[in-house]
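Dear colleague,

I am passing on the structure below, together with some notes on what turned up in it. Please read the notes with the coordinates open beside you.

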Amino acid sequence: GIGGAELRLVYLTAGSAEVADSSDKPIRLYRERRELPAASADANNVIQIVQSPLYTTSRVLIGADFGPARRLVIRPLPGMPYGRAVIASQNGSQPVFDLSLARSVTLQDLDILRYSTNNADLVTMSQPVDVLLERCRIGSAWSSVGSAGHSNVSMSYPVRVTVRNCILFSA
């Protein structure tokens, strides 16, 4: 599931005004610490980010809880300004997203940013399978450069990983 981040994931009910027009079960993303329920049997799991920017000081860990029978998509709620959501890390010493052992995960239309001195890779993947990063902007937006040798996206032993229409940058 998703854990380790200062974010709380809450399922929206059918009566909520913030339920998106989607057949997937949307989830609202708040600041607090909590894990995505790994027991969900839903085939399509969507996290719709409804607030931007989201600041975190911990990594967002997505492990092996998903796969061909249970997919995960993280994206902004339709109608968000500019069609994007910002997830900004204020901790330069660990990844913003850790997708180690992730299966069947898609990150769409996200700005994954480092808002502190950069001393770690921003997105890491170890042995990911069927992962898609689509229309994401990933980079460091801080005045001091940090230590050398770090990457915006770092992966080892990827299987069917696609980075499509993304911008990797350092400002």
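The predictor attaches to each residue a confidence called pLDDT, which runs from 0 to 100. For this protein the mean pLDDT is 80, and 77% of the residues reach 70 or more. Over residues 1–37, however, the pLDDT is below 50, although this stretch has 107 contacts in the model beyond near neighbours in sequence, a contact being heavy atoms within 4.5 Å. Where pLDDT is low, the predicted coordinates should not be read in detail.

As to conventions, this is a predicted model, in which local features need pLDDT of at least 70 and side-chain atom pairs count only at pLDDT 80 or more, while totals for chains, interfaces and linings use all residues. Residues are numbered from 1 along each chain as its sequence is written, and side-chain values use heavy atoms, with hydrogens and water left out.

The largest nonpolar core (buried Ala, Val, Leu, Ile, Met, Phe, Trp, Tyr and Cys residues joined through side-chain atoms within 4.5 Å) has 28 residues, of which I62, I74, F97, L99, L107 and L110 touch the most other members. Buried here means under 20% relative accessible area, exposed means over 50%, and partly exposed lies in between, with a 1.4 Å probe and protein chains only. Among the elements that give two or more residues to this core are β4 (44–49), β7 (71–76), β10 (103–108) and β13 (129–134); strands are DSSP runs of E with at least two residues, numbered from the N terminus.

Turning to charges, a salt bridge is a side-chain nitrogen of Lys or Arg within 4 Å of a carboxyl oxygen of Asp or Glu, and by this rule the count comes to eight. One of these joins R84 to D111, with the closest N and O atoms 2.8 Å apart; the pair links distant parts of the chain, since R84 is in the loop between β7 and β8 and D111 in strand β11, 27 residues apart. R84 counts as buried because its relative accessibility is 14%, and D111 does so at 8%.

E134 takes part in two of the pairings described here: its closest N and O atoms are 2.9 Å apart in the salt bridge with R164 and 3.5 Å apart in the one with R135. The pair of E134, in strand β13, and R164, in strand β16 (residues 159–164), spans 30 residues. E134 is buried, with a relative accessible area of 9%, whereas R135 is partly exposed at 33% and R164 is partly exposed at 39%. Salt bridges link R84, D109, D111, E134, R135, R137 and R164 in a network.

What, then, is the nearest side chain of opposite charge to R70, which is buried yet has no salt bridge? It is D65, 5.8 Å away, where Lys and Arg count as positive, Asp and Glu as negative, and His and the chain ends are not counted. R70 lies in the loop between β6 and β7, and a polar atom of its side chain lies 2.5 Å from the backbone oxygen of D65.

Finally, D130 in strand β13 is partly exposed, with a relative accessible area of 29%. Leaving aside neighbours within four places in sequence, D130 is in contact with R103, S104, V105, V159 and R160.

Best regards

Note on methods: Helices (H or I, at least four residues) and strands (E, at least two) are DSSP runs, numbered from the N terminus. A polar contact is a pair of N or O atoms within 3.5 Å; within protein, one must be able to donate a hydrogen and the other to accept it, and residues adjacent in sequence count only if both atoms are side-chain atoms.
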